[in-house]
Each structure stands twice: as C-alpha cells, then as structure tokens.
Number of protein chains: 2
Amino acid sequence: MLGEFALIDRIIARLGDAAAHDLIVPPGDDAAAWRTGPGIAVATIDALVEGTHWRTDTMAYGDVGWRAVTANVSDLAAMGAEPQYLLIAMTLGPAFTVDDLDALVEGLAESCRLHGVRVAGGDIVRGPATAISIAAYGKIETGTADAPLLRRSRARAGDFVAVSGTPGASAAGLAVIEAGRAAEVGVEMLLLAHRRPVARVALGRAAAASGIRCAMDVSDGLMQDLGHIAVASEVGIELAAASLPLHPAAVDALGASAALDLALGGGEDFELVLTGPRAALVALDTPEVPVTLIGRVVAEHPGEVIVWGEDGEAYEPPRRGWDQTRDSGERRP
Amino acid sequence: MLGEFALIDRIIARLGDAAAHDLIVPPGDDAAAWRTGPGIAVATIDALVEGTHWRTDTMAYGDVGWRAVTANVSDLAAMGAEPQYLLIAMTLGPAFTVDDLDALVEGLAESCRLHGVRVAGGDIVRGPATAISIAAYGKIETGTADAPLLRRSRARAGDFVAVSGTPGASAAGLAVIEAGRAAEVGVEMLLLAHRRPVARVALGRAAAASGIRCAMDVSDGLMQDLGHIAVASEVGIELAAASLPLHPAAVDALGASAALDLALGGGEDFELVLTGPRAALVALDTPEVPVTLIGRVVAEHPGEVIVWGEDGEAYEPPRRGWDQTRDSGERRP
C-alpha cells in the first residue's frame, strides 16, 4: 500500500470536482476553511464499519462510498438544509487494497456530484477493520426568528403524516440479494435502492420553505423512526397499512405481506417522513419524488406508533428496526 | 451493554456542560444546528483507532478521550481559529464496557472544558475495534479580504521559525512508560504531556491576529511537519539543534541526545510551529506558553529541512516522524 500522503494525493485526484478546490483553505492543510454568512449551520456525523453496516458479499466498495455520502447528506436533508461540505475519515483494514480505495472513492465522488456536496478535508489511518466516518455540513439562509428547520419534536396532534418514495425498497433489495435472486428480471430497481440510495435534499428544503417543521429521514425503519418523532413530540402516531406506498417490485418479488413488513421495519431508504397540514404535504408531491399521506398525528397514546391493518386491527410488524449497538450483524429486514 | 439510545442518553448526561444544550438544535436530532455570522468556518476531522493510535497498556480511556479532543482542537488552533463545536462518532469494540465508555466520556468532557469547545452531536456504532472519529468546527470573525488564517503555504524566505513549549515531551513520556519507569520521580510532567496534551488555542489566535500567516501543529514530529511547510511553501527550512527547547525532564530521564531526537521526530505534543518576522514571533512568547526561535526559512533547498548540529554538521535524526498508513504499531520515537 502507498504511504499516507501518497494516498491523500491519490484520493484528492480521483475525487476531481467532488473535492472543494476553491475553498479559502482547500483539502491539504490542518483544517478546511470557507466563508459563512448570516444564517444557520447544520452539521452531522455518521460512522460506517465493515461487518456492521455492510458486508463485502452484498455490497461493492463503490456502493459503500456512495451510501456513506448519502447517509450523511440525508441527515442534512431531514433538517431542511442545503448540503455543502463533507469531511471524511477513513480507516483502512489489513486486506483493503488500492483498487478497493479507488472504487470507494469513485462511489463517494458519484454520490457527492449527485447530491451537490464536495469533500473539504479528511483523515486516513490504518486499523483492524475498514471503516468510514463522514461529517457533513450544510446551511440554511434565514433572517427570521422562526428558523425553517425540520425537527423531530415539532409534530402536533391534528397533523397528517407523509412519506416520500417507497420505503422498504432498500431492505427488499437486500432480501433479494441474500436469497440469491439478484439476477432475476424485475428486481433491478430494488438492487439500486439498496446499493445507490438517494437523499431527499430538494424535498427537505421545499418542505421547510413551505412551513413544515417536522421531518426525519428513514434510516432505521418507518416504525422506529416515527417512534422517535412520537417520543420527541409527545404525540401518538397512527398509520393505515393500506396507504403505505409499497414498491411494486417488492410486492412482486417478495409478496405483499413481506413488502409491508419491510416498509415498516426496513431502514436505509433515506426517504423522508414528514408531519404537517394536509394541504402542505400534498403540495410537496411530484412525479419525480412522490409524497404519500400515510397517517395522522394524535393526542392519544403519546410516544407510540400504531399501524391499523385493513381488518381494522392494530398490526404488529415482526421487527421494529434495528439497533446498531445491540446487533453486530448486517442490517436486514 | 446498553442499547444505542440508552448509551446516547448516558453520554449526553455525563458530558454535562460539555454538551451544547443551547444550540438551535442540540444533540439528539438528525443533525445539530447553530447560528452563523459573517466570517470564516474552519473544520477538520481525525480518526483514532485502538492499536494504531493508542494501546490500553500505555493509556487509560480517560486519556484517550482527552487526546482525541485535543488532537482535533489543535488542528483548529493551527489555523488561528476559535474552536466551537465537536461531532463525535464512536465505534465500540467487542470488549468495550460501559465503565470504559464512562471513562472515555469523562476524558472527552474534561478536554472540552479546558479548550472551550462543546459536543454538538455524534453517532455510536459497534465494530471489531474501538475507535473514535471527531470532527471539529471553529470560526474566525473577519471582515477583511486577507483572512487572518495560519497556512502551511505561507512561509517566506527570510522568516524566522519558532515553536511553542517543549516538543518531544509527549514522546519522552511514552518512552518512559515503555521502559517501565513511569513511577520514577521527575518524569511526572512527561507523563502528563503524553496523556493530557493541551492544544495551543490562544497562541494560534494571537499569532493570526498579529499578522503571522504560517503555522502548523506538531502532530507527526517537528522534522516531518516542518517538511510539510517547506513543501507547501516551496522554501527551505534550517534549524539549529542547540536552540531546540528540550524538556529538562526529558534530558534528565533519557539524556540530551535522545531528548533531541524526540524533539525532532516525536509527534503528538500539539505544540505550534510558526514562521514569520522575528519581532512578531518573539512578541508571542509568554511565561505560560514559551515561544522559542529555532531556525530560519531560506530560499535554498526548497522542500527540505536541515538541522545544524553544534559541530557545524547537518544532523540526521534517526527517525523523521511516523506514517500512519505504513506502520500499524503505536506511535513511538
């Protein structure tokens, strides 16, 4: 393997225009620096570790790089922020090769370009396992006292609940891969949802601009993430199972029942779930990024999420998301 | 071990006033958010991995937490920035206990308080090895076009070179520990330099305010880090071995020759090395944080650092710092 500084030069070269060369201090000094104006800075950090967050048999390094960027940008999207810069700390495991690095960086760069963010700096070290930590910075330009931010704590009884896209598609893609069915016709969109998810940046900004004040990205599953909103906002949330926008390919490949469970319990789609006035939510729906009403915020059962089945009974999905500190296996439905 | 959310609650509680509870969006949402004004944002990220950056037999988890914060704050100090917020991603290895976590967080919090930074958010995951990545965020308030930033690329022939404190003290502390001499009288300050290093925040800000434009923190050793300045600035650097401010305890414990080699090749002191006009550098010297002139910037041998010994010959220290991607062992002299 190359030395630290040769690796950094190689990474910066391969990032191309995904590296922020025009900063006051671009990548390569003790820290990066850029000008700020009056407004709000939004910042988040996420760590992905091989074996915990991905396995080399279900995901190529290009997909890992793509996903690492998407996961962080998604946290900014879920605040209504405009993503700007990433700082990337890479830990290279013993078996990690320069070819692996090139593939990872290519995936990083592609996701950066799609999401309109650039790499401002980083760190690279050796360790017993390959891992990648990304800190993402974004901004909200505002002069108003009521910051146009999307919070977990701002759901109010009477709000409607909406979700973008087709939650569960990523988990369905992983299920297809694990069942050895990745070569089947008709599952391509599920594989793409798993390997190349897209963060809902434009939707988050449009929602915040339209006056919506509560959203989250679906990273641990709809039930669990809506549970965070219910707890933080001290409200109850009720969903109608029949209204959940299942991916047609997930229904075809796995059946309606499994597709429903994956929509409720499967994470990593990076869709946004939002609460607010019905008209404001409906106005966010576009052909490119569908936004579907799936439930209501209620004053009853604060902190709890209830899913009503078509039979009029409360439906309990088999699994409510995934806790990264309890389970050392790959995320799975 | 507790679940993810119980761990996060525990960490936030134990951070106390080292967590930034007064942000627009404090720790606990998708991302943190704070107000910005006109000026410059400065940001950096560093990863520390058990086995690569520390060993449990030479450093307690409280020291690891302290050092992780210091290393990041030091990168902001080396830019002349005012440190503000940290984002912390922790990977917990299989043997890591709640007691270990409490100790690590206590060290983080102590270093945060000393350096005037606060934790704005984080992430916690499980993995095959304990690791900690910190992104640090600071600011420089300026309305001028010539940003008061300390860069690697701004050394000019004719500048003097100065260093704060006593570089090599941290490496001397590690050498004492590894030799089984940590209980000896007289080595206490070396142990402290290794386990509880302090970033030179006030010095960095004072230097930038006084018009100095070139500095770096000594994280990989004086020779290697001055080499970065020499390359980035396309200048040569010449040091006088006799002028290096060796720590008296390092000389006493290890001898003058070893202390000199550690001053040139030992990293992790987080001292600042600066270049600029003689008078401006001398004016930075204080009883609390001594600043010592150690050499000159020259037009000759661009990219190279030469150390002149007392015998008038160029001195080649046995080791020029440490490359994190080549060597999987602990940093050592």
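**View 1. Superposition of chain B on chain A in the predicted model.** Copies are superposed by least squares on the C-alpha atoms of residues with pLDDT of at least 70 in both. On that basis, a turn of 180° with a shift of 0.0 Å along the axis lays chain B on chain A at an RMSD of 0.0 Å, and the two copies are thus related as by a two-fold rotation axis. In chain B, the C-alpha nearest this axis belongs to Gly37(B), at 2.6 Å from it.

This is a predicted model, in which local features need pLDDT of at least 70 and side-chain atom pairs count only at pLDDT 80 or more, whereas totals for chains, interfaces and linings use all residues. Residues are numbered from 1 along each chain as its sequence is written, and chains are lettered from A in the order in which they are written.

**View 2. The side of chain B that touches chain A.** Counting two residues as in contact if their C-beta atoms, placed from the backbone, lie within 7 Å, 61 residues of chain B are in contact with 61 residues of chain A. Among the elements (DSSP runs numbered from the N terminus, helices being H or I of at least four residues and strands E of at least two) that give two or more residues to this side are helix H1 (4-15), helix H2 (61-77) and strand E2 (39-49) of chain B, and E2(B) gives the most, with 10 residues. The same surface serves both copies, since 100% of the contact residues of chain B recur in chain A.

**View 3. Strand pairing between the chains.** Strand E1 (residues 32-36) of chain A and E2(B) run antiparallel and are joined by five bridges, where strands pair if DSSP finds at least two bridges between them. Within E2(B), Ala41(B) is the bridge partner of Trp34(A).
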